[in-house]
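Biologist: Got a minute to walk me through this fold? Just put it up on the screen first.

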Amino acid sequence: MEIFIGRLNERDAEELFTFECNNRRFFEQTVPSRGDDYYTFETFKNRHRELLKEQEENISYFYLIKNDSGSIVGRINLVDIDNTNGSAHVGYRIGEKYTQRGIANKALKLLVNTAAELSVNQIHAKTTSNNIASQKVLERNGFIRSSINEEKNEFSGQKETFIYYCRTI
C-alpha cells in the first residue's frame with residue numbers, strides 16, 4: 001500500500017474524528033484513554049483547533065497518514081519541538097485494520113525526511129519493552145537505543161520498562 005503524510009489542517013476534523021472513534025477501543029488497549037469528552041465532536045473540534053495553534057506556533061507538527069485513496073490510516077507527529085537545539089519527539093499510531101502492513105515504517109521514513117526541512121535535526125522516541133513492533137520500526141529508520149528505564153506507567157499504574165531512542169538527521 002502506498003501512503004503519504006500530510007500536515008493536519010482545519011478540513012480534517014470530521015474525518016479524523018471518525019478515525020479516532022473507530023479506533024478508540026484498539027488504541028486504548030496500549031495507550032491511556034483521551035477520556036469520554038474527547039469523543040464528543042464539540043470537544044474534539046476544540047482540541048483540533050488547539051493542535052492547529054500549536055502547529056502555527058512551531059511547537060508541534062501533526063500529520064495524517066493517508067493511503068493512495070486519501071483515507072486516514074494513521075497519525076504521526078513531531079511534538080515538544082525545541083527550536084534552540086533542533087530536537088523533537090515522535091509519536092505515531094496506526095488504525096487497527098491497517099496494522100502489520102509496514103505503514104508505520106513508511107510513515108516514519110517520510111517524517112524523518114520532512115523533519116530536516118523543519119530544522120529538526122534530532123528526533124527522540126519512547127516505547128515500551130514489550131512493543132517489539134515499534135522497536136523494529138524505529139531501528140529500521142536509523143533510531144539508536146539511548147537508554148532503558150523502569151518507570152510507573154500512567155496508563156496502567158504499574159512499573160514498566162521504557163526504551164528510549166534517538167536519531168540524528
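Modeller: Sure. Two strands pair if DSSP finds at least two bridges between them. Helices (H or I, at least four residues) and strands (E, at least two) are DSSP runs, numbered from the N terminus.

Biologist: Good. What kind of model is it?

Modeller: A predicted one: local features need pLDDT of at least 70 and side-chain atom pairs pLDDT 80 or more, while totals for chains, interfaces and linings use all residues. Residues count from 1 along each chain as its sequence is written, and side-chain values use heavy atoms, leaving out hydrogens and water.

Biologist: Sheet first, then. What's the strand order?

Modeller: β1-β2-β3-β4-β5-β7-β6, an open sheet of 7 strands with mixed pairing. β1 (3–7) and β6 stand at the edges with a single partner strand each, so one side of each has no neighbour in the sheet. Strand to strand, the twist averages 25°.

Biologist: And β4 with β5, parallel or antiparallel?

Modeller: Parallel, over 3 bridges. Ser87, for instance, has Gln122 in β5 as its bridge partner.

Biologist: What about β7, how many bridges join it to β5?

Modeller: There are 7, and those two strands run antiparallel. Ala125 stands opposite Tyr165 of β7 there. β6 and β7 are antiparallel too, joined by 8 bridges; in that pairing, Ser147 has Tyr164 of β7 as its bridge partner.

Biologist: Stay on Tyr164. What does it touch?

Modeller: Skipping neighbours within four places in sequence, Tyr164 contacts (heavy atoms within 4.5 Å) Ala125, Lys126, Ile144, Arg145, Ser146, Ser147, Asn149 and Glu151. The C-alpha atoms of Tyr164 and Ala125 are 5.8 Å apart, though 39 residues separate them along the chain.

Biologist: Switching to helices. Which strands does α1 touch?

Modeller: Helix α1 (residues 13–27) packs on the sheet against β2 (61–67), β3 (72–82) and β4, with its direction at about 90° to that of β3. Axes here are lines fitted to C-alpha atoms, for helices over the stretch in contact, with angles from 0 to 180 degrees between N-to-C directions.

Biologist: And where does α4 lie?

Modeller: Across β4, β5, β6 and β7, running at about 160° to β5. The buried residues of α4 (132–140) are Ser134, Gln135, Val137 and Leu138. They share a side of α4 because their arc around the axis, taken from the directions to the C-beta atoms, is only 160°. On the other side, Ala133 and Arg140 are exposed. Buried is under 20% relative accessible area, exposed over 50%, partly exposed in between (1.4 Å probe, protein chains only).

Biologist: What comes after α4?

Modeller: Gly142, with a positive phi near 85°.

Biologist: How do α3 and α4 pack?

Modeller: At about 35°, with axes 9 Å apart. Ala104, Asn105 and Leu108 of α3 meet Val137, Leu138 and Arg140 of α4.

Biologist: Last topic: how many residues are in the largest nonpolar core?

Modeller: It has 29, and Ile65, Ile76, Leu78, Val90, Leu108, Ile123 and Phe143 have the most contacts inside it. A core is a set of buried Ala, Val, Leu, Ile, Met, Phe, Trp, Tyr and Cys residues joined through side-chain atoms within 4.5 Å. The largest share of that core, 7 residues, comes from α3.

Biologist: What does Ile76 touch?

Modeller: Beyond four places in sequence, its contacts include Ile5, Tyr63, Ile65, Val90, Leu108 and Leu111. Another core lies apart, with 13 residues, including Leu8, Leu16, Phe19 and Phe27.
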